[in-house]
Every structure is written in C-alpha cells, then in structure tokens.
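Work through the exercises below with the sequence and the structure side by side, and try each task before you read its solution.

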Amino acid sequence: MTLLLRINSSSRQTGSHSTAIADHFEESYRRKHPDCRVITRNVGDGSIPIISQKTIEGFYTEPASMTADLKEATALSDELIAELQDADTLLIAAPIYNFAVPAALKAWIDQIVRVGHTFSYDGTSFQGLARTPRAVVISAYGAEGYLDGEPFAAANFVQPYLKFLLSFLGIEDIRFIAAQGTVADPEKVSASLQAARQACDLAA
C-alpha cells in the first residue's frame with residue numbers, strides 16, 4: 001500500500017485552481033494505485049499555527065531533557081513529520097501569493113523542517129533525512145511568464161524555493177506542474193488547466 005500525502009495551501013476553500021488540479025492528480029494516482037492511502041492537510045484553513053518560541057526550544061532540546069510543555073509544543077511537528085516520513089509521494093498544491101508560497105504552506109514547512117528529524121548537521125555539512133522518495137508540486141499563477149526562460153521568471157519564488165527546500169530534506173524526485181494565466185480569458189484558462197491535468201496523468 002502506498003501513501004499519498006497531500007498538502008493544499010490555497011486560502012480559497014472553493015474555486016481554487018491549484019486545489020482543483022491536485023484533485024485531478026489524486027484521482028489519477030488512485031487509479032494507478034488502487035490500494036493507496038491518502039492523507040490530506042488543508043493548511044490554507046489556518047489549521048497549522050505559526051511556529052512558536054516554545055516549539056523552537058523543543059526542536060533544539062535533547063530528548064532526555066524534554067519537559068511536558070516542550071513535548072506538547074512539538075507534538076504537531078512530530079505528527080506532521082511522521083506523515084511525511086511515511087509518504088511515498090508528497091503532493092503540494094501551492095498558488096503563488098505575492099511572488100512566493102502562501103503563509104499557510106510556510107507554516108507547515110516550519111513544522112516539518114527539523115534538525116535530527118528531516119535533516120542533520122554535523123557542523124560542516126547538511127544531510128536530508130526525509131524518506132519520501134518523490135514530491136509533486138502543483139502551482140497556479142494568475143499571470144503568465146513565470147516559468148524558466150520566460151519574461152517574469154525572476155519574480156517566481158515558488159518553484160526555486162520549494163525545489164531547494166525539498167532537495168535539502170533529501171527528496172530526490174521533484175516534479176513541478178504549473179497552470180499560468182488563471183485570470184485570463186476563459187479559453188486560455190481552460191487550455192492551461194487541461195495541460196496541467198494531462199501533466200498530472202503522466203506524473204501520478
């Protein structure tokens with residue numbers, strides 16, 4: 001049985017293009033892996049809090065010295081990391097907000113990027129500890145021209161950030177699926193979404 005861990009980060013609870021494309025990916029994944037299990041985190045609803053000082057203290061406290069308060073402060077991080085470590089595929093639906101990832105996605109990231117759990121540091125170099133073999137990132141862009149080699153690529157901090165971050169954690173197979181021009185005329189939007197759905201069918 002395979003596990004698909006899906007992270008939806010759009011603040012739109014309805015009408016989100018990134019979520020809709022992720023829905024299609026999940027459908028394709030389920031067809032190819034009929035015995036799969038899916039865990040979905042709709043982080044765009046604010047369910048993942050911004051990381052707190054107490055949580056950070058817990059991250060850097062040795063296990064033998066963890067107090068009840070620190071264990072409570074890091075419990076969510078423990079849960080989210082366990083989901084990531086068990087996943088065969090990580091699916092992230094990430095619209096671009098002001099040229100970067102949504103704050104809700106960053107909140108999830110800050111909970112799962114944790115020394116001794118998803119990466120290690122020996123004083124000289126870092127090593128990723130995530131056991132997840134691959135990640136698929138679905139991005140939706142209101143305008144066009146954000147992708148590599150295009151006029152507005154320098155303003156796209158979603159793809160390069162997530163590519164570096166996921167690689168840093170040790171995930172080697174990282175694929176990006178993009179839908180651009182989602183606020184264009186209906187014909188262009190339809191074509192962009194159809195191309196993204198076809199890419200999902202290949203990547204699932």
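**Exercise 1.** Find the element that holds Glu-187, and decide whether Glu-187 is buried or exposed.

*Solution.* In this predicted model, begin with the position along the chain: Glu-187 belongs to helix α7, which covers residues 186–203. Next, take its relative accessibility, which is 65%; because exposed means over 50%, Glu-187 counts as exposed. Finally, look at its surroundings on the surface, where Glu-187 forms a negative patch together with Glu-144, Asp-148, Glu-150 and Asp-185.

**Exercise 2.** Decide whether Ala-93 is buried or exposed, and list the residues that Ala-93 touches beyond four places away in sequence.

*Solution.* First locate Ala-93 in strand β3, residues 89–95. Its relative accessible area is 1%, and since buried means under 20%, Ala-93 is buried. Then collect the contacts, leaving out residues up to four places away in sequence: Ala-93 touches Ile-7, Asn-8, Ser-9, Ser-10, Ser-18, Ala-22 and Ile-138.

**Exercise 3.** Determine how many of the 10 residues of helix α5 are buried, and name elements that cover them.

*Solution.* Helix α5 runs through residues 103–112, and 7 of its 10 residues are buried, so that the helix is mostly covered. The buried residues are Ala-104, Leu-105, Ala-107, Trp-108, Ile-109, Gln-111 and Ile-112. As a last step, identify the cover, which includes strands β1 (3–8) and β3 as well as helices α2 (53–59), α4 (75–86) and α6.

Conventions
Residues numbered from 1 in each chain as written. Predicted model: local features only at pLDDT ≥ 70, side-chain atom pairs only at ≥ 80, totals over all residues. Heavy atoms only, no water. Patch = residues over 30% accessible without salt bridge, like charges linked within 9 Å, V, L, I, M, F, W, Y side chains within 5 Å. Areas by Shrake-Rupley, 256 points an atom, 1.4 Å probe, with all protein chains shown as cover. Salt bridge = Lys/Arg side-chain N within 4 Å of Asp/Glu carboxyl O. Lys, Arg positive; Asp, Glu negative; His and termini not counted. Charge placed at Lys NZ, Arg CZ, Asp CG, Glu CD. Helix = DSSP H or I, 4+ residues; strand = E, 2+ residues; numbered from the N terminus. Buried < 20%, exposed > 50% of the residue type's maximum accessible area, 1.4 Å probe, protein only. Contact = heavy atoms within 4.5 Å.
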